[in-house]
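Hi,

Here is the structure I promised to pass on. Have a look at it first, and then read on for my notes.

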Amino acid sequence: VPPYRVYVSLTDWDALQARVTNREASKTGEDALLVSVNGLVFTARPNKGIDSGNLGLNSLQRRFGVFTLTQRVKVDVFESNAGLALTSVVVRVDLLAKGKVKAPVQLATEDMVGVFKAAYLSQVLQTQQPLAWDFNGTKLELTVESFQKLVPGGESPNAGQLLQPTDVVFT
């Protein structure tokens, strides 16, 4: 399950699909939609376990968006554009289960790049966004530290889209 995904009801999914005006700018490679939740961009998929009018988020997504369990949020279809294309992104890596680790953990960052791109390809990332990620059985918390965009500035200066040519640097 991609770690950046949120879930909507089947009814809400149909309503979102009906509002898509540019399918190529709103979809990801996995039959999911890019959505804006109170201005933060996630990938959404339908889930029959979610009631209509509700949104399924994980704890890191709730913390980053400062969402409460009963808070009303605005969900819209998000359309990407060339101005969001990232040329590079710097991601801080930390262990999620610090107290449980008895020995130092070494991670092969050159292997992590390909796996990270496969997991997050087409996702719109925001600076300081935390991401939970399982890399080869090691639970990690990633934080998007900074990035460079193909076109600096734009409508969303703190957001950029991860594409295949994007350089990824882990710290």
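Which residues form one aromatic cluster? They are F116, Y120, W133, F135 and F170. Before I go further, please keep in mind that this is a predicted model, so read everything below as computed from the prediction, given that the model is a predicted one.

Back to the rings. The structure has 5 aromatic pairs. In one of them, W133 and F135, the ring centres are 5.4 Å apart and the planes meet at 35°, so the pair counts as tilted. Both partners are out of the solvent's reach by the usual cut-off of 20%: W133 is buried because its relative accessibility is 6%, and F135 is buried too, at 5%. W133 also pairs with F170, and here the centres are 6.4 Å apart with the planes at 10°, so this pair is stacked. W133 belongs to strand 8 (residues 130-135) and F170 to strand 11 (residues 167-170), so the contact ties together parts that are 37 residues apart in sequence. F170 is buried, just as W133 is.Now the salt bridges. By the rule used here, the count comes to 5. One of them joins the side chains of E141 and R63, with N to O at 2.7 Å. E141 sits in strand 9 (residues 138-149) and R63 in helix 3 (residues 59-65), and the two are 78 residues apart, so the pair links distant parts of the chain. E141 counts as buried because its relative accessibility is 17%, with the cut-off for buried being under 20%.

Another salt bridge is formed by D134 and K139, whose closest N and O atoms are 2.6 Å apart. Are these two buried, partly exposed or exposed? D134 is partly exposed, with a relative accessible area of 39%, and K139 is partly exposed as well, at 46%.

Then there is K74 with D76, where the side chains meet at 3.4 Å, N to O. K74 counts as exposed, since its relative accessibility is 53%, while D76 is partly exposed at 26%. Which residues are linked with K74 in a network of salt bridges? R19 and D76 are.

D76 also falls within an element of the sheet: strand 5 spans 75-77. That open sheet is made of 5 strands in the order 4-1-3-2-5, with mixed pairing. Its edge strands are strand 4 (55-56) and strand 5, each of which pairs on one side only. Further in, strand 1 (residues 5-8) and strand 3 (residues 40-46) run parallel and are joined by 4 bridges. If you want a place to start looking at that pairing, Y7 stands opposite R45 in strand 3.

R45 has one more contact to show you. What does R45 lie over? The face of W13, at 5.6 Å from the ring centre.

That is what I have for now. If you open the model, I would begin with the cluster of F116, Y120, W133, F135 and F170, and then go on to the pair of E141 and R63.

Cheers

Note on methods. Residues numbered from 1 in each chain as written. Predicted model: local features only at pLDDT ≥ 70, side-chain atom pairs only at ≥ 80, totals over all residues. Heavy atoms only, no water. Pairing = 2+ DSSP bridges. Salt bridge = Lys/Arg side-chain N within 4 Å of Asp/Glu carboxyl O. Buried < 20%, exposed > 50% of the residue type's maximum accessible area, 1.4 Å probe, protein only. Phe/Tyr/Trp six-rings, centres within 6.5 Å; stacked < 30°, edge-to-face > 60°. Lys NZ or Arg CZ within 6 Å of the ring centre and 35° of its normal.
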